[in-house]
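User: I am new to reading protein folds. Can you show me how terms get matched to a model?

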Amino acid sequence: MRVYQFRHFGKDPEGSLQCFPHSFHLQSFYILHFTFYILPMYDILIIGLGCAGYTSAIYSARYKLKTFIVGQEEGGMGNGAAEVGNWPGEIEIKGPELMEKMKKHAQSFQDLVTMKVGLVKEIEKVKGGFHLHLDGGETVEGRAVILATGSVKRHLGVKGEKEFAGKGVSYCATCDAFFFRNKTVAVIGGGDSAVEGAAILGQVAKKVYLIHRRKEFRAEPFWVDKVKSRENIELVTENGLQEIRGDKKVTSIQLNAPHGGSDTLAVDGVFVEVGSDPAVELPVRLGCTLDERGFLKVGEDQQTNIPGVFGAGDLTSNSNHFAQFTTAAGEATVAANGAFNYLQGSGK
Ligand SMILES: Cc1cc2nc3c(=O)[nH]c(=O)nc-3n(C[C@H](O)[C@H](O)[C@H](O)COP(=O)(O)OP(=O)(O)OC[C@H]3O[C@@H](n4cnc5c(N)ncnc54)[C@H](O)[C@@H]3O)c2cc1C
C-alpha cells in the first residue's frame, strides 16, 4: 500500500528547498505550501559499510523498514582481515570475501535498502527525525540512526611517519603486503593486527621485523604461533620505533635501543599496526556521550543517550570492548531491533 505523508514546513527553518528525485520513494514526500519539497524519508539511516552496518541493514530490512545505508569505505576494517577463522559457519574465509557476502546480503533487499558509498559530514537532529548531510551536498532524512562507523587506525607520531606515508609506510598489512614481495619490512605493534600482519607479510617478504615495546604479545595465540614458526620473522621485543628514514621511499628505521648491535635497521617498508580509536567524531558533534575510554556509550538496546540514535560495532562501549566480527554483528542485530522498537513506540 502506498502511504503519503504530508507536512507543512511553512516557516520551519529546517525546510530549505531541496529535491532528490534519484532516491525518491512514495512513502516519503512533503509538500511545502506552493512548492514540492521532496526529501527521501527513511525509517533507518545507517552510517557504515562494515560488518555492523551491513548486519543492521539486513535486520532493518527484515523488519520491513525503509533503510538508507552509507559508508566511506565498502567492507570497512573487515577488508584488512587476511584469514578469518572465527566467523561461525565458515571454517576459514578471507576478510574481503566475507564483507562482499555481507554486502550482497544487504543489497538483496532491493525494495527496502538503498546503499551508497559516501562520507557523512554531519548528523542533524530535526523535527521527527534526523538529517544526514553527505559530501557533495546531499541530505537524507530518516527517523532513526544506527551509527556503525567503526574505528580509525592509530598513528605512531614518530619522525618520518607522515612524510613517508604511502612511500613505504602503510597501515594495512593485508592490503599492501603484495608490494613488498622479497623485500625487508618492519611491523610495529603487539596486538592482533600487528601479529597477523607480520604473519601475512612473512609469506611474501624476504624478512620481517616484528617490533613490540613489551615482552609478550597480546594477540591471539593462533597468530603468535604462526609468526614464531617462520624463520624469516625476527621478533624485536621491548623496543620501539624512534624515526623512519628514507629518500624518496623508506630505507631504514631507527630503534629506541640497539638490536643485534645496532639501533638502525635497513627496511623497505614500515607497517604501523598499533591499534585503533573509535570513530566517534560524528556522534560527539551530535551530543552523544562517550564512556571513560572514549567509546560511544550505549545501553542494553544499543541506544545512545539521544533517543532514536543507536550504535553498533567497534565504536561502542558494549561487548566488553571486544572488537570482532561476531560482536559487531551481534550489536548490530540488537541495534536494529532497538530501532524497530523505538519506531513502533514513536508511532511507526
Ligand atoms: C588486520 C585485522 C584483522 C582482523 N581479523 C579479525 C578476525 O579474524 N576475526 C574477527 O572477528 N575480527 C577481526 N578483526 C576485527 C574486525 O575486522 C572488526 O571488529 C570489524 O570489521 C568491525 O566492524 P564495524 O562495522 O564495527 O566497523 P568497520 O568495519 O570499521 O566499518 C566502519 C564503516 O564506517 C565507515 N565510516 C566511518 N566514518 C564515516 C563517515 N563519517 N561517513 C561515512 N562512513 C563512515 C567506514 O568507511 C566503514 O565503512 C580484524 C581487524 C583487523 C584490522
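Analyst: Here are some strands and the terms that describe them, in a predicted model.

User: What makes strand 11 mostly covered?

Analyst: Strand 11 spans residues 184-188. A residue is buried if 20 or more other C-beta atoms lie within 10 Å of its own. Four of the five residues in strand 11 meet that mark, so the strand is mostly covered.

User: How do you know that strand 11 and strand 12 pair?

Analyst: Pairing needs at least two bridges between two strands. Strand 11 and strand 12 (residues 207-212) have five, so they pair. The sense is parallel. One bridge partner to look up is K207 in strand 12, which belongs to T184.

User: Which strand besides strand 12 pairs with strand 11?

Analyst: Strand 17 (residues 269-272) does, in the parallel sense. The count is four bridges, and the cut-off is at least two, so this is a pair. Look for V187 opposite F271 of strand 17.

User: Why is the unit of strand 11, helix 4 and strand 12 called right-handed?

Analyst: Point the strands away from you. The path from strand 11 over helix 4 (residues 192-204) to strand 12 then runs clockwise, so this β-α-β unit is right-handed.

User: Why do strands 14 and 16 count as edges of their sheet?

Analyst: The open sheet has the order 14-15-16, with antiparallel pairing. Strand 14 (241-246) and strand 16 (262-266) each have a single partner strand, so one side of each lacks a neighbour in the sheet. Neighbouring strands here are turned by 25° against each other on average, direction ignored.

User: What makes strands 15 and 16 a pair?

Analyst: Four bridges join strand 15 (residues 250-259) to strand 16. The cut-off is at least two, so they pair. S252 stands opposite A266 in strand 16.

Conventions. Residues are numbered from 1 along each chain as its sequence is written. This is a predicted model: local features need pLDDT of at least 70, side-chain atom pairs count only at pLDDT 80 or more; totals for chains, interfaces and linings use all residues. A residue is buried if 20 or more other C-beta atoms lie within 10 Å of its own, exposed if 12 or fewer, and partly exposed in between; C-beta atoms are placed from the backbone. Axes are lines fitted to C-alpha atoms, for helices over the stretch in contact, and angles run from 0 to 180 degrees between N-to-C directions.
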